[in-house]
Amino acid sequence: SLDLKIDYTYPAITTPPELAPTYLLGQSATFTLGATDGLSGMDRVWADLNVVNPDGSYRGPGVAVESGVPVTLDTLGTNTLRIFAQDMAGNLGMRLLIFDVIYDFGEFQTPLISGGIYRLGRTIPIKFQLFDAAGNAISAATPTLSFWKMSNGIFGYEYVETPFIEGDTGGEFRYDPESQQYVYNLKTKGMSTGTWKLRVTL
């Protein structure tokens, strides 16, 4: 008699153990690729980076990823890692993993502090720095500023547009190359007394 094994099952692709939800821009990352197949056995496993968007639509040529070989993460925002695995029967599986690449935020500089109390009508300089993974200052970002005011212990769903606050034009920070800081001079004239929540969008 002859026993035949017919394999219609895709390989089971494992998540790289090194995969983190967030990386810094320019950081080097290593991904260990792996998959298992209990019937016909594994043939090969390979991967690519940022060829598709999170919804599966085409993004661009991307970068080929080899198991255990470092790759530099130079795409800001949401990144996609596609892992492919093929077994000896020719069954091809794919798994799409997502992670974020961000700037290293250098914290707000004085005089702005969380929970600080400031006189109404004062101009408050809002300053911070952005860095990549190597500590190099980032000058090409376009951060913007927005606000919510607390009412009855809850921050409002609508925020005040920054042009109303008479700060720097359009709520956009300007970059000062001498101090390597992003700066927005917030004029509190036109605001009301109370607690305000500030958000910087990068």
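The exercises below, each with a worked solution, concern side-chain environments and ring pairs in a predicted model.

**Exercise 1. Describe the surroundings of Asn79, starting from its place in the chain.**

Step 1. Asn79 belongs to strand 8, which covers residues 77–87.

Step 2. Is Asn79 buried or exposed? Its relative accessible area is 0%, and since buried means under 20%, Asn79 counts as buried.

Step 3. Which polar partners does the side chain of Asn79 have? It makes a polar contact with the side chain of Asn50 at 2.8 Å, and it also reaches the backbone oxygen of Gly77 at 3.0 Å.

Step 4. When neighbours within four places in sequence are left aside, the residues in contact with Asn79 are Asn50, Arg59, Leu97, Ile98, Phe99 and Val101. Asn50 therefore appears both in this set of contacts and as a polar partner through its side chain, while the assignment of Asn79 as buried rests on its accessible area of 0%.

**Exercise 2. Classify the ring pair of Phe108 and Phe128, and compare the burial of its two members.**

Step 1. The structure holds 11 aromatic pairs, and Phe108 and Phe128 form one of them, with 6.0 Å from centre to centre and 90° between the planes. Because planes over 60 degrees apart count as edge-to-face, this pair is edge-to-face.

Step 2. The pair links distant parts of the chain, with Phe108 in strand 10 (residues 104–108) and Phe128 in strand 11 (residues 123–131), 20 residues apart.

Step 3. Phe108 has a relative accessibility of 32% and is therefore partly exposed, whereas Phe128, at 0%, is buried.

**Exercise 3. Carry out the analysis for Phe173 and Tyr184, then place both rings in their cluster.**

Step 1. Phe173 and Tyr184 lie 5.6 Å apart, centre to centre, with 55° between the planes, and the pair is tilted.

Step 2. Where in the chain do Phe173 and Tyr184 lie? Phe173 is in the loop between strand 13 (154–155) and strand 14 (174–176), and Tyr184 is in strand 15 (residues 181–187), so that the pair links distant parts of the chain, 11 residues apart.

Step 3. Phe173 is buried, with a relative accessible area of 9%, and Tyr184 is buried at 0%.

Step 4. Ring pairs link Phe173 and Tyr184 into a cluster with Phe105, Phe108, Phe128, Tyr175 and Tyr182.

**Exercise 4. State how Arg44 is placed relative to the ring of Trp46.**

Step 1. Arg44 lies over the face of Trp46, and its distance from the ring centre is 3.9 Å.

How values were computed. Residues numbered from 1 in each chain as written. Predicted model: local features only at pLDDT ≥ 70, side-chain atom pairs only at ≥ 80, totals over all residues. Heavy atoms only, no water. Helix = DSSP H or I, 4+ residues; strand = E, 2+ residues; numbered from the N terminus. Buried < 20%, exposed > 50% of the residue type's maximum accessible area, 1.4 Å probe, protein only. Polar contact = N/O pair within 3.5 Å; in protein donor to acceptor, adjacent residues only side chain to side chain. Contact = heavy atoms within 4.5 Å. Phe/Tyr/Trp six-rings, centres within 6.5 Å; stacked < 30°, edge-to-face > 60°. Lys NZ or Arg CZ within 6 Å of the ring centre and 35° of its normal.
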